[in-house]
Amino acid sequence: MTTNSDRHAFRPVPKTGVIYVMTEASKRGYLKNRSAWANFGQGAPEIDDIPNCPQRLTNIPIDVDSYEYAPVGGTMELREAVAKLYNERYRQGKKSQYTAENVAIGSGGRLALTRLVSTLGPSHIGHFLPDYTAYEELLGSFGTFIPIPISLAPNEHYEFSIEDLRKEILGKGLSTILLSNPSNPTGKVISGDRLKAWVDLSRELECAMLFDEFYSHYIYDPAITSVSAAEHIKDVNKDPIIVFDGLTKNWRYPGFRISWTLGPKNVIEGITSAGSFLDGGASHPIQNAAVNIVTREHADQEASAIKAHFKTKAEFLQTELEKLGIKTESPQGSFYCWGDLSNLPKNLRSGSELFAKAIENNLILVPGIYFDINPGKRRPKNLSIFENYARFSFGPSLPELELGISILKKIIQGT
């Protein structure tokens, strides 16, 4: 008898880092006894009221028209709202302005990125190490382009100069670069004149840059006022700059699964065409509700509340991790501490080993190897330079962070 596995029709699809650790936690009772766990692996922010945040949505009216499919590229009202928000925030006084034709709405960040990369032709696409775990399968699934890793050095605090960027683009023939800014997991931020230089180089070398800006409200350095590449674009229909964002992190509505992509009109047309066969479009009622919160007033108030509230948690978590011997980069943005475990007891210096011990004690974290993006598994997993790292999230509430530190302290001091 022939089984599906015998036919070799399907390839094994691994779980991304966060999904893997959450699956393992669920096997051990996380979902049934949530209050007994601390989730340092959390990839979502607190969703409740935080001090000085805008009023949270609690009801979504559904009219008869929203029973219909929404347009694949998103409702015109939401696309116009997103374009208006970016023009008011980043493009005041600039001749070139975004319109609805520069915006595509999707069902979450992964979907927005999937739509975009599905439109890439034969080319080299650069990606940084470390970076967001989901990029690995995303960059290895289509086969129409070759992903090229660009390593960031821990001993240089994951900085990357514009001169090095130019060398990478020209030396490796890169036509596209994908990155998270602020970075998941290191919390590093490219902003101000540095960000402008990146955008200028993209234009000069005709190398498209895909900026994942899902953490752009989570900025803790008061000297950093803006991290959106949209501010430095000259012509929104010519500069090869694509921006991704959505309600998931910056508005703290992860369950809404609403994202947007901004870019030149021709790119947005391609993305929308890809959506017609990949997913069919985002929820109509949720898009209608999102129009009311994708405004300059709401976004700025939410960003201000996030910066104050999450900075307190960032300082707490980083301080406590350092006390336990875990060296961290000071997070300029996002809600993660990227921890170097090299000074821990020998049997806990591996992110994988620390994860295994932690999950036995109702603590979740993400081993660093999952951020060593390796599409196609072209590099040996056991040689990852991030084996001795782990990502610790301060997305949860402060009491949950305190519980997590108490568990981690017992693990480390008990060895």
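## Strand S6 and its partners

Within strand S6, Ala208 is the bridge partner of Thr176. Before we go on, note that this is a predicted model, in which local features need pLDDT of at least 70, side-chain atom pairs count only at pLDDT 80 or more, and totals for chains, interfaces and linings use all residues. Residues are numbered from 1 along each chain as its sequence is written, and side-chain values use heavy atoms, leaving out hydrogens and water.

Strand S5 (residues 174-180) pairs with S6 in the parallel sense over 5 bridges; two strands pair if DSSP finds at least two bridges between them. Helices (H or I, at least four residues) and strands (E, at least two) are DSSP runs, numbered from the N terminus. S6 also pairs with strand S7 (residues 241-246), again in the parallel sense, over 4 bridges. Here Phe211 stands opposite Val243 in S7.

Now add a helix to the picture: S5, helix H7 (residues 192-205) and S6 make a right-handed β-α-β unit. Right-handed means that, with the strands pointing away from the viewer, the path from the first strand over the helix to the second runs clockwise.

## Two faces of S6

S6 spans residues 208-212, and 5 of its 5 residues are buried, that is, under 20% relative accessible area, while exposed is over 50% and partly exposed is in between (1.4 Å probe, protein chains only). In a regular strand the side chains alternate between the two faces of the sheet. Ala208, Leu210 and Asp212 point one way from S6, and Met209 and Phe211 point the other way.

## Salt bridges around helix H7

The whole structure holds 20 salt bridges, each a side-chain nitrogen of Lys or Arg within 4 Å of a carboxyl oxygen of Asp or Glu. One of them joins the side chains of Arg166 and Glu204 (2.9 Å, N to O). Arg166 lies in helix H6 (residues 162-171) and Glu204 in helix H7, so this pair ties together parts that are 38 residues apart in sequence. Arg166 is partly exposed, at 31% relative accessibility.

Inside H7, Arg203 forms a salt bridge with Asp200, their closest N and O atoms being 3.0 Å apart. These two residues are 3 apart, about one turn of the helix. Arg203 is partly exposed, with a relative accessible area of 22%, and Asp200 is partly exposed at 22% too. A network of salt bridges links Lys196, Asp200, Arg203 and Asp239.

## A pair in helix H10

Asp300 and Arg296 meet through their side chains in a salt bridge (2.6 Å, N to O). They sit 4 residues apart in helix H10 (residues 296-323), so about one helical turn separates them.
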